[in-house]
Amino acid sequence: MTPPSLPAPFAQMEEIALVAHDAGGAEILSALALQHAEYAWRICAHGPAAAVFARKMKFHPFTLEAAMHGAQGLLCGTGWHSDLEWRAMQAAQQAGMPSAAFLDHWVNYRQRFTREGQTVWPSQIWVGDDDAHRLAQAMLQAEGAQQVALSLYPNPYFAEIRAQFARLKSQAPQAFADSPHLLFVSEPLAALAEREYGDPRHWGYTELEALDYLIEKLPANSHVVIRPHPSEAADKFDAYLKHPKLHIHVDSATPLYVQIAAARTVYGCNSMALVVALLAEKPVVCCIPPGGKGRVLPHREIGLLQSD
């Protein structure tokens with residue numbers, strides 16, 4: 001299937017700077033770059049994004065300055081864990097270069113464009129679904145940023161994931177059979193809340209408290225796979241490996257879609273991985289503990305552990 005053309009003026013460009021730091025944005029941008037090999041992508045990938053791009057394609061890594069130099073436009077993610085994309089948007093703005101930021105989630109949109117009180121808007125914001133479009137439109141109106149063009153572009157990562165699930169199901173149908181394994185997808189909520197608000201429990205819970213709440217609800221001898229976020233330390237969950245009543249192990253190496261396919265149910269808080277699990281038609285449950293601020297993913301198919 002031919003992928004849709006990029007929004008103007010990017011469709012008419014030849015060389016585009018592609019900048020990402022966090023894994024979520026990198027998954028989308030790398031999938032888009034693979035769909036559109038006709039462009040000369042000048043890729044600047046730092047942090048978890050570098051591993052995503054390296055896993056999916058061969059590319060020449062650019063520094064931010066080198067990626068921007070000679071590019072006709074900028075396409076970037078909107079990661080929280082660095083200011084890389086923010087600096088790229090600022091540089092594009094100063095150079096009068098068209099820029100687009102692809103939102104990879106459904107929460108905290110305004111904060112993604114602000115660093116230390118300074119907001120920098122790209123020329124365009126791209127979103128991958130109707131929910132994100134509605135939320136981004138409301139955010140731009142609230143911020144008085146109607147000069148930013150908003151485009152709905154089908155999420156290329158979702159297309160990639162659907163193809164992977166279909167291929168796995170045809171090649172290894174047993175992977176989708178009933179499994180005793182439960183999957184918990186983590187995200188560094190405490191670190192993010194500490195950085196943004198000075199309080200690791202700003203939302204009334206942390207990722208470890210959510211995991212504890214899930215474990216508390218599970219029957220003895222349950223099998224649980226913990227998938228750390230790409231930015232989390234490898235030993236973060238070591239204390240859970242010797243749980244007296246559950247079989248718990250940590251796996252950050254197996255591809256996400258394979259882990260989801262092998263899981264009976266997928267648990268988490270507000271991770272993009274929960275939405276990916278919906279694409280595999282798996283039961284998905286939000287395990288934000290009582291007292292925690294409510295889930296923010298807009299997908300009605302996601303259940304709530306508190307209601308069980």
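# Worked exercises on a predicted model

Asp129 caps the N-terminal end of helix α5, with a side-chain oxygen 3.0 Å from the backbone nitrogen of Asp131. This is a predicted model. The exercises start with α5 and then move to the sheets.

## Exercise 1: Helix α5

**Task.** Work out how the end-to-end span of helix α5 (residues 130-142) compares with expectation, and which residues of α5 are buried.

**Solution.**

Step 1. Take the 13 residues of α5 at 1.5 Å a residue. The expected span uses one less than the number of residues. That gives 18 Å, and the end C-alpha atoms are 18 Å apart, so the two agree.

Step 2. Pick out the buried residues, using the cut-off of under 20% relative accessible area. In α5 these are Ala132, Ala136, Met139 and Leu140.

Step 3. Look down the axis. The buried residues of α5 fall within an arc of 95°, so they line one face of the helix. A general rule helps here: an α-helix has 3.6 residues a turn, so residues three or four places apart point the same way.

Step 4. Turn to the face away from the buried side. Asp130, Gln141 and Ala142 are exposed there.

Step 5. Find what the buried residues pack against. Their partners are β7 (124-127) and β8 (149-152). Helix α5 lies across both strands and runs at about 175° to β8.

Step 6. Check what follows the helix. Gly144 comes after α5, and its phi is positive, near 65°.

## Exercise 2: The sheet that holds β7 and β8

**Task.** State the strand order of the sheet containing β7 and β8, and say which strands stand at its edges.

**Solution.**

Step 1. Read the order: β2-β1-β3-β4-β7-β8. The sheet is open, has six strands and pairs in parallel.

Step 2. Find the edges. They are β2 and β8, each pairing on one side only. From one strand to the next, the twist averages 20°.

Step 3. Inspect the β2 end. Strand β1 (residues 15-20) pairs with β2 in the parallel sense over six bridges. Ile16 sits opposite Trp41 in β2. Although β2 is an edge strand, five of the six residues in β2 (residues 40-45) are buried.

Step 4. Move to the next pair. Four bridges join β1 to the parallel strand β3 (residues 73-76). Here Val19 faces Cys76 in β3.

## Exercise 3: The other six-stranded sheet

**Task.** Give the order of the sheet that contains β10, and explain why one side of β11 and of β14 has no neighbour in the sheet.

**Solution.**

Step 1. Write the order: β11-β10-β9-β12-β13-β14. This is an open sheet with parallel pairing.

Step 2. Look at the ends. β11 (247-250) and β14 (303-304) each have a single partner strand, so one side of each is left without a neighbour in the sheet.

Step 3. Follow β11 to its partner. β10 (residues 223-227) pairs with β11 in the parallel sense over four bridges. Val225 is opposite His249 in β11.

Step 4. Add the helices. Helix α8 (residues 207-217) packs on the sheet and touches β9 (181-185), β10, β11 and β12 (265-268). The direction of α8 makes about 160° with that of β9. Helix α10 (residues 272-279) also packs on the sheet, touching β9, β12 and β13 (284-286). The direction of α10 makes about 160° with that of β12.

## Exercise 4: Helix α7

**Task.** Identify the buried residues of helix α7 (residues 189-197) and the helix they pack against.

**Solution.**

Step 1. List the buried residues of α7: Leu189, Ala190, Leu192 and Ala193.

Step 2. Place them around the axis. They cover an arc of only 160°, which puts them on the same side of α7.

Step 3. Name the partner. The buried residues of α7 pack against α8.

Step 4. Note the residue that follows. Gly198 comes after α7 with a positive phi, near 75°.

## Exercise 5: Ser222 and Phe165

**Task.** Decide whether Ser222 and Phe165 are buried or exposed, and place each in the fold.

**Solution.**

Step 1. Locate Ser222. This residue is in the loop between α8 and β10.

Step 2. Apply the cut-off of under 20%. Ser222 has 11% relative accessibility, so Ser222 counts as buried.

Step 3. Trace the contacts. The side chain of Ser222 reaches the backbone oxygen of Pro219 at 2.7 Å. Beyond neighbours within four places in sequence, Ser222 contacts Lys245, Leu246 and His247.

Step 4. Turn to Phe165, in helix α6 (residues 156-171). Phe165 has a relative accessible area of 5% and is therefore buried. The C-alpha atoms of Phe165 and Leu279 are 8.4 Å apart, though 114 residues separate the two along the chain.

Conventions. Residues numbered from 1 in each chain as written. Predicted model: local features only at pLDDT ≥ 70, side-chain atom pairs only at ≥ 80, totals over all residues. Heavy atoms only, no water. Pairing = 2+ DSSP bridges. Helix = DSSP H or I, 4+ residues; strand = E, 2+ residues; numbered from the N terminus. Contact = heavy atoms within 4.5 Å. Axes fitted to C-alpha atoms, helices over the stretch in contact; angles between N-to-C directions. Buried < 20%, exposed > 50% of the residue type's maximum accessible area, 1.4 Å probe, protein only. Arc of directions from axis to C-beta. Polar contact = N/O pair within 3.5 Å; in protein donor to acceptor, adjacent residues only side chain to side chain.
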